[in-house]
Amino acid sequence: MTQVSLTVESVQADRLEELIATESLLVVDYTATWCGPCRVIAPILEQIANAFSDRLTVVKIDFEQSKASAIRHKIRSLPTVLVFKQGKEVARIIGSSAYETYRNTLAQHL
């Protein structure tokens, strides 16, 4: 059986708010093209998206293109990964972390 690799979708701020309201478990990666640590965690979040594709949605949002959204969600450094469960923020991981950190954080909310 071949494993299908999912790509983490980039979304705009208006779509993000819709996903927060409708997805049961949503992982949001605030990122920027100039952010080195953001590039480091990108493949980790792809792994998360693949490993838990049946239980959560992973999206990324460009900080530079969505500053109002970043302000609304109190993003002060990049990368910042937010976890929303049924519309409420339940976790926040700031900075570059290992796969296990993301997996363990998400396991608490699956």
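Let's start at a turn: β4 and β5 form a hairpin with two residues between them, and Q86, which sits in that turn, has a positive phi of about 50 degrees. Bear in mind that this is a predicted model. Its mean pLDDT is 91, with 94% of the residues at 70 or more. The weak spot is residues 1-5, where the pLDDT is below 50; beyond near neighbours in sequence, that stretch has three contacts in the model.

Back to the hairpin. The strands β4 and β5 run antiparallel and are joined by six bridges. If you want one pair to look at, take T80, whose bridge partner in β5 is I94.

Now zoom out to the sheet that this hairpin belongs to. Five strands make up an open sheet with mixed pairing, and their order is β1-β3-β2-β4-β5. At the edges you'll find β1 (9-10) and β5 (88-94), each of which pairs on one side only. Helix α2 (residues 36-51) packs on this sheet and touches β2, β3 and β4 (80-85); the direction of α2 makes about 165 degrees with that of β2. Another helix to pick out is α4 (residues 99-107), which lies across β2, β4 and β5. Helix α4 runs at about 165 degrees to β5.

Next, follow β2 itself. How does β2 pair with β3, and how with β4? Strand β2 (residues 25-31) and strand β3 (residues 57-62) run parallel, with six bridges joining them. Between β2 and β4 there are six bridges as well, but here the strands run antiparallel. D29 is a handy residue for seeing both pairings: it stands opposite K60 in β3 and opposite V81 in β4. To get from β2 to β3, the chain goes through α2, and this β-α-β crossover is right-handed. V27 is another residue of β2 to check against β3, since V27 stands opposite V58 there.

So is β2 buried or exposed? Seven of its seven residues are buried, so the strand is largely enclosed by the rest of the structure. The side chains split by direction: L25, V27, D29 and T31 point one way from β2, while L26, V28 and Y30 point the other way, and all of them are buried.

T31 is worth a closer look. This residue lies in strand β2 and has a relative accessible area of 14%, so it falls under the 20% cut-off and counts as buried. Which residues does T31 touch? Leaving aside residues up to four places away in sequence, T31 touches C38, K60, I61, D62, F63 and L78.

Finally, the charged side chains. Side chains of opposite charge can pair when their charged atoms come close. With a cut-off of 4 Å between nitrogen and oxygen, the count here comes to five salt bridges. Three of them make a useful tour. One is between E18 and R15, whose side chains meet at 2.9 Å, N to O. These residues are three apart in helix α1 (residues 13-22), so they are separated by about one helical turn. E18 is partly exposed, with a relative accessible area of 44%, and R15 is also partly exposed, at 32%.

Another salt bridge links the side chains of D54 and R55, with an N to O distance of 3.5 Å. Here D54 counts as exposed at 64% relative accessibility, whereas R55 counts as partly exposed at 42%. The side chains of K67 and E64 meet in a salt bridge too, at 3.4 Å from N to O. K67 is partly exposed, at 42% relative accessibility, and E64 is partly exposed with a relative accessible area of 38%.

Technical notes:
Residues numbered from 1 in each chain as written. Predicted model: local features only at pLDDT ≥ 70, side-chain atom pairs only at ≥ 80, totals over all residues. Heavy atoms only, no water. Helix = DSSP H or I, 4+ residues; strand = E, 2+ residues; numbered from the N terminus. Buried < 20%, exposed > 50% of the residue type's maximum accessible area, 1.4 Å probe, protein only. Pairing = 2+ DSSP bridges. Contact = heavy atoms within 4.5 Å. Axes fitted to C-alpha atoms, helices over the stretch in contact; angles between N-to-C directions. pLDDT = per-residue confidence, 0-100. Right-handed = clockwise from strand over helix to strand, strands pointing away.
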